[in-house]
Amino acid sequence: MNGTLLWVDDEIELLKPYIIFLEKKEYEVLTATNGQDALDLCRERSFDIIFLDENMPGLSGLETLSQIKEISPNTPVVMVTKSEEENIMDQAIGSKIADYLIKPVNPPQILLTLKKHLHKKAIETEVANTGYQQNFSKIGMQINDSYTIDDWMEVYKRLVYWELELAATDSEMTEMLKMQKAEANKEFAKFVRKNYLNWVNDKDNRPTMSPDIFKKVIFPLLSQGEKVFLVVFDNFRYDQWREISKELSDDFTFDEQLYVSILPTATQYARNAIFSGLMPQQIATMYPDLWVDEDEEEGKNLNEGPLIQTQLDRYRKHHTYSYYKLMGSNDSEKLVDRFKNLMNNELNVLVINFIDMLSHARTESRMVRELASDERAYRSITASWFHNSPVSDLFKELAKTDAKVVITTDHGSIRVNNPIKVVGDKNTNTNLRYKLGKNLSYNPKQVYEIKRPEEAFLPSPNLSTAYVFAQNDDFFAYPNNYNYYVGYYKNTFQHGGISMEEMLIPLITMQSKRKK
C-alpha cells in the first residue's frame, strides 16, 4: 500500500475514474461529500494526505480546512478548486495547505502531488544514492589528481555537497562517504606537509591564509569607499556555513570562497593572525605586550582590538572602526539596539563565540553531546541557534544597509576518533590536536612535526621547543589514565591540527539584495 488518502468533494461521483486510477496505483482512497463527514472521518482514523474541494455546501473548504488542522495538524491538505481568485488562494496558503490544484485536475497532476508530499523522501534518497554512486569514482580520481590548494578546495566542497545531500535523506551511502572523506583527509595531510612551510615563507605566491584576510579582502573594500562588517564566527566550518546560508539567501547575495587557516588551527594563533596581519612569531616579536604564550594564564585573545589597530597603522589606514566580541544573547541584543551607531564607522569587526562554546560544551556536557551526537546534529544545532539568536536580527539589520558583509572564521573543527600516544612534561599544552614543548615523545610517522618553529613563524618559548600536529581524525592522548582519556574525548569536535575541516574554511562576501 502506497498510502491512505481522503478525498472530500460534493461531486465525488464525478471523480470515480480518478479514484479507480489511484486504487490501481495501490492507494487506499476514502471519500466524503461534505465537510462534516470529512471531519468525522479524520477523528476516527489518520490519513497520509487529504484532497479537499474548496466550494462545497454547508461547511466550505476553507472552514473544513481550519478544523482539519485542529484535529490533524501534520496531515498535508491539498486544496482543489475551480476558483482562481487571489484572496481564496491567500486564505488557503495562510491556513498552511500543502498544495493547490485548479479543476479540472488530471491523473498526472494528482500523481505528482502524491509523489511530492508522500514519497518525496524516498525519491530524494534514491536519487541521492544514485547520484553519489555515480560520482564516487569521479571524486576518488579528483582526490588522486589534486596537486594545488584550489584542487583540494574543490574536493572538499564536493564532499560537503554530498554530505549535505545524503544527510537530508535516508541514504545508505553515508558510511561510504565517510570512508572517502577520511581518504581525502589522509591525502590532504600529505599535501599540507609538503607545502606548508613554502606557503608561510612566500606570502606573495601562497593561497590566501589567515594573515592575508585584511590585505586581500577588507582593505580593498574599504578603499572602494564601502562600509564593511567583518563577522568572525569562531570555530566555523564550511558545512555549517552552508546550513546558515539558507537563512541568509533571501536577503543577501554571496561571493563564496574558501581560504587556508594557519597552523595551529587554534584561536590564539589563527585569529590573532587575522587581526594583526602577521604570523604568530611576528606578533610576539613586534608586539610582545599583545602576545600571550601558551604557558601564561592570561586569556589568549584579549588583545584583538589593539591588534587590528596595529595592522591599520602598518598599512597607513585611517579608517574608523569598532570591535565587539559577542559571548551570548545579551551581547548580541545590545549590539542590535545600538546598530545605527555602528553605521558611523567605516569598519565594524564582530567576533561571535557561540559555535566554539558549543564545541567545548559538547566535549564537557553529556547532555550537549547527546544533542550534537554526529555531524548532522552538530550542523542542525548551529542552524537552530542562528535562526533563534539575536545574531539573526543583526543580519536582518545589515540587510537594510548597503554595507558589504564579510563572514569568515579563524578555523574549523573535526570529530576525532583515533587516539595517538604522546608524552610531554608538565608545561606541555593541553590541546588535543597539537602539542608544543621541549621534551615531547611521539611516533613521528603519526604526526606532522615542526622541529624548528621559526621556519613556520611560530613562537618558541624554549630553544628546544617543537610543535607536532595531529592529522585526519587523530587526537593526542597521554599514557596515564589512557582508557579514561580516550573514552572521554573520542567522538568530540576538536581543532588545532591538519584536516580539510579545520584548514579549508569559509570566506564569504555578502551584499543586501535590497541595496544592489
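**View 1. Helix 5 and helix 2 lie across strands of the parallel sheet.** Helix 5 (residues 107-118) lies across strand 1, strand 2, strand 3, strand 4 and strand 5, and runs at about 135° to strand 3. Helix 2 (residues 35-44) lies across strand 1, strand 2 and strand 3, at about 135° to strand 2. The model is predicted: local features need pLDDT of at least 70 and side-chain atom pairs count only at pLDDT 80 or more, whereas totals for chains, interfaces and linings use all residues. Residues are numbered from 1 along each chain as its sequence is written, and side-chain values use heavy atoms, with hydrogens and water left out. Helices (H or I, at least four residues) and strands (E, at least two) are DSSP runs, numbered from the N terminus. Axes are lines fitted to C-alpha atoms, for helices over the stretch in contact (heavy atoms within 4.5 Å); angles run from 0 to 180 degrees between N-to-C directions.

**View 2. Five strands form an open sheet with parallel pairing.** The order of the strands is 2-1-3-4-5. Strand 2 (27-32) and strand 5 are at the edges with a single partner strand each, so one side of each has no neighbour in the sheet. From one strand to the next, the twist averages 20°. Two strands pair if DSSP finds at least two bridges between them. Strand 1 (residues 3-8) and strand 3 run parallel and are joined by four bridges, and leucine 5 stands opposite isoleucine 49 in strand 3.

**View 3. Strand 4 (residues 77-81) is largely enclosed by the rest of the structure.** Five of its five residues are buried, which means under 20% relative accessible area (exposed is over 50%, partly exposed in between; 1.4 Å probe, protein chains only). Val77, Met79 and Thr81 cover one side, and Val78 and Val80 the other, all of them buried. Strand 4 pairs in the parallel sense with strand 3 (residues 49-53) over four bridges, where phenylalanine 51 has valine 78 as its bridge partner. Strand 4 also pairs in the parallel sense with strand 5 (residues 99-102) over four bridges; here the bridge partner of valine 80 is leucine 101.

**View 4. Strand 3, helix 3 and strand 4 make a right-handed β-α-β unit.** Helix 3 comprises residues 61-71. A crossover is right-handed if, with the strands pointing away from the viewer, the path from the first strand over the helix to the second runs clockwise.

**View 5. Three strands form an open sheet with antiparallel pairing.** The order is 13-15-14. Strand 13 (434-437) and strand 14 (448-450) are the edge strands, each pairing on one side only. The twist in this sheet averages 15° from one strand to the next. Strand 14 and strand 15 (residues 466-469) run antiparallel and are joined by three bridges; the bridge partner of glutamate 449 in strand 15 is valine 468.

**View 6. Threonine 409 is placed in the loop between strand 10 (404-408) and strand 11 (414-415).** Threonine 409 is buried, with a relative accessible area of 0%. Its side chain makes polar contacts (pairs of N or O atoms within 3.5 Å; within protein, one must be able to donate a hydrogen and the other to accept it, and residues adjacent in sequence count only if both atoms are side-chain atoms). The side chain of threonine 409 reaches the backbone oxygen of phenylalanine 233 at 2.5 Å and that of histidine 411 at 3.1 Å. Not counting residues up to four places away in sequence, threonine 409 touches Val232, Phe233, Asp234, Asn235, Phe236, Tyr259, Ile274, Ile505 and Pro506.
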